[in-house]
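Trainee: I would like to take a close look at a single part of this protein. Could you go through that part with me carefully, once the structure is in view?

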Amino acid sequence: MRKVLISLLVTLLLCSNSVIPLKLLNIVSAQQKSIPSYAKWGVFVTKKTQEKYPNAQIIDYLHIGRISGPQSSIERFKLRLRDNRREFGVFINIEYNNETERVIKISYKETLN
């Protein structure tokens, strides 16, 4: 939402033929660079969770953290899902090769909270 608002503000300023203050450009630039390193894995985990639970809606998303190893790393997430019977959580761990970023293993563990 923030990126949309900033983009809209920049567009309005450009269309009004006014000079854009350098400070505003720096803010917009900083916002665009603030994509977290785990974002790629967040998209991946969301897609894989939707495949595993096709009748559930993802209602919340949390990146728990990363466990870095010499050969591989694990990105840890918790997603909240809701289907027509219940609401539940799923912990997802994605282990991947550090050099190639090829997925080694994905694990899912359901929880009630």
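Trainee: How many residues does helix H3 have, and what distance does it reach from its first C-alpha to its last?

Mentor: Keeping in mind that this is a predicted model, we can begin with the whole protein, which holds three helices and four strands and follows the pattern α-α-α-β-β-β-β when read along the sequence. Helix H3 covers residues 39-52, which makes 14 residues, and from its first C-alpha to its last it reaches 20 Å, close to the 20 Å expected at 1.5 Å a residue. Within H3, the residues Trp41, Gly42, Val45 and Thr49 are buried. When you look down the axis of H3, these buried residues fall within an arc of 100°, and so they line one face of the helix. On the face of H3 that is turned away from this buried side you will find Val43 and Lys47, which are exposed.

You may next ask what lies over the buried residues of H3, and the cover includes strand S1 (57-68), strand S2 (72-82), strand S3 (87-97) and strand S4 (103-111). One of these strands, S3, contains Phe91, a residue that is partly exposed, with a relative accessible area of 32%. Together with Leu62 and Ile64, Phe91 makes a nonpolar surface patch of about 240 Å².

To set the helix against the whole, buried residues make up 26% of the 113 residues in the protein, while its accessible surface comes to about 8200 Å², of which 55% belongs to carbon and sulfur atoms.

Definitions and conventions
Residues numbered from 1 in each chain as written. Predicted model: local features only at pLDDT ≥ 70, side-chain atom pairs only at ≥ 80, totals over all residues. Heavy atoms only, no water. Helix = DSSP H or I, 4+ residues; strand = E, 2+ residues; numbered from the N terminus. Expected span 1.5 Å × (residues − 1). Buried < 20%, exposed > 50% of the residue type's maximum accessible area, 1.4 Å probe, protein only. Arc of directions from axis to C-beta. Contact = heavy atoms within 4.5 Å. Patch = residues over 30% accessible without salt bridge, like charges linked within 9 Å, V, L, I, M, F, W, Y side chains within 5 Å. Areas by Shrake-Rupley, 256 points an atom, 1.4 Å probe, with all protein chains shown as cover. Salt bridge = Lys/Arg side-chain N within 4 Å of Asp/Glu carboxyl O.
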